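Thanks for coming. I will go through one structure today, starting with the overall numbers and then moving to a few residues and strands.

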Amino acid sequence: MTSLSPPPLPPPADVRLFPLGDAAVVLEFGTVISPATHRAIQAVGAYLAQHPFAGLRECVPAFTTLTVYYDLWLLSKNGQPPYETAEKILQELLPAALATEVAAVAAVVEIPVCYGGAFGPDLDAVAAHVRLTPAEVIARHSAPDYLVHMIGFAPGFPYLGGLNERLATPRRAQPRALVPAGSVGIAGAQTGIYSLPTPGGWQLIGRTPRRLFNPEWAQPSLLQAGQRLRFVPIDEAGFYRLQQHEH
């Protein structure tokens, strides 16, 4: 059986660097959201975690960028502007960083979801928009393994890649003032899970009883960039049964 090689990473010359405020550098790996872009971001992030330069504070991955925060005072000790120092360091390490092997995350995180009804008030509207039955929407939404591209918007909120193109649906014309935590939504070609009760305009098709964020956990976010997850349909009784174990 022939195995497919992973998509090639962009050469260092194709990575654009620019400042963000006075204490961060943004590395932009193109403008296309793709597995190859994600792998490049993960590779550079992993390299910096293993080989941090003096003054490195934090790396924050996004869809097509990695933002590197640095200590302004430490990087100004050589008499040069801190951004120029950080930019030079990053440009020099990019070739080695892009060659870093990123360990694949073997386990797929299963997220139980009760679709429709009070938990998914927009399921029928999504089904009508894409000209499928609600059952077909559920089947297509729960079929793939999704890639967690980034955590953003709210603590623990995962932005996922891999939504079936047929399910793409615009955001609601009127956002809700409060979306319950655990709500699973669709917005355009994206799907995600509200980790906390927040305002939001995504089309809500279901809800999970799993808790995605808890500041008291050693790792406060259940999901991390680079992980994969799968939605598992459950009924209402299953939702309340699992919810009891989460709280």
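**Charges and overall figures**

The protein carries 17 positive and 19 negative side chains, and 5 Å separates the centres of the two sets. Before going further, please keep in mind that this is a predicted model.

As for secondary structure, there are 5 helices and 13 strands in the protein. Along the principal axes, the C-alpha atoms fill a box of roughly 60 × 45 × 35 Å. The chain has 247 residues, and 46% of them count as buried. The accessible surface is about 12800 Å², with 56% of that belonging to carbon and sulfur atoms. On contact order, take the contacts with a separation of 6 or more: 63% of these are between residues 24 or more positions apart.

**Strand β5 and its partners**

Next, the strand pairing around β5. How many of the residues of β5 are buried? The count is 6 of 8, so the strand is mostly covered under the cut-off of under 20% relative accessible area.

β5 pairs with β13 in the parallel sense, through 6 bridges. Within that pairing, P112 has V232 in β13 as its bridge partner. β5 also pairs with β12, residues 203–207, this time antiparallel and over 2 bridges. There, Y115 is bridged to G206 in β12.

As a general reminder for reading any such strand, side chains in a regular strand alternate between the two faces of the sheet.

**F231 in β13**

Staying with β13, which covers residues 228–233, I want to look at F231. Why does F231 count as buried? Its relative accessible area is 1%, and the cut-off for buried is under 20%, so F231 falls in that class.

Leaving out neighbours within four places in sequence, F231 is in contact with ten residues that I will read in order along the chain: I111, V113, Y115, H141, S142, Y146, L160, V184, T191 and I193. Y115 is the residue I just mentioned as the bridge partner of G206. The C-alpha atom of F231 is also 7.6 Å from that of A143, and these two residues are 88 apart along the chain.

**T100 after helix α2**

T100 sits in the loop between α2, residues 82–98, and β5, residues 108–115. Is T100 buried or exposed? With a relative accessible area of 14%, T100 is buried.

The T100 side chain has polar contacts back to the backbone: one to the oxygen of A96 at 3.3 Å, and one to the oxygen of A97 at 2.9 Å. Beyond four places in sequence, the contacts of T100 are with A43, A46 and Y47.

**R176 in β8**

R176 is in strand β8, which spans residues 176–179. Which side chain does R176 join in a polar contact of 2.8 Å? That of D122. D122 also appears in the contact list of R176, which, with neighbours within four places left aside, includes P121, P199, G200, W202 and L204 as well.

**The first hairpin**

Strand β1, residues 16–19, and strand β2, residues 24–28, run antiparallel and are joined by 4 bridges. R16 stands opposite E28 in β2. The hairpin has 4 residues between its strands, and in it G21 takes a positive phi near 65 degrees.

**Two positive phi values outside glycine**

Most residues other than glycine have a negative phi. Here are two that do not follow that.

R131 is not a glycine, yet its phi is positive, about 60 degrees. R131 lies in the loop between α3, residues 123–130, and α4, residues 134–141. R131 has a relative accessible area of 75%, which means it is exposed, the cut-off being over 50%.

F153 is the other case, with a positive phi of about 70 degrees although it is not a glycine. The loop holding F153 runs between β6, residues 146–151, and β7, residues 158–161. Is F153 buried or exposed? F153 is exposed, because its relative accessible area is 51% and the cut-off is over 50%.

To set the two phenylalanines side by side: F231 has a relative accessible area of 1%, while F153 has 51%. That is the end of my list, and I will take questions.

Technical notes. Residues are numbered from 1 along each chain as its sequence is written. This is a predicted model: local features need pLDDT of at least 70, side-chain atom pairs count only at pLDDT 80 or more; totals for chains, interfaces and linings use all residues. Side-chain values use heavy atoms; hydrogens and water are left out. A polar contact is a pair of N or O atoms within 3.5 Å; within protein, one must be able to donate a hydrogen and the other to accept it, and residues adjacent in sequence count only if both atoms are side-chain atoms. Contact means heavy atoms within 4.5 Å. Buried means under 20% relative accessible area, exposed over 50%, partly exposed in between (1.4 Å probe, protein chains only). Accessible areas come from the Shrake-Rupley method with a 1.4 Å probe; for residues, only the protein chains shown count as cover. Lys and Arg count as positive and Asp and Glu as negative; His and the chain ends are not counted. The place of a charge is taken as NZ of Lys, CZ of Arg, CG of Asp or CD of Glu. Two strands pair if DSSP finds at least two bridges between them.
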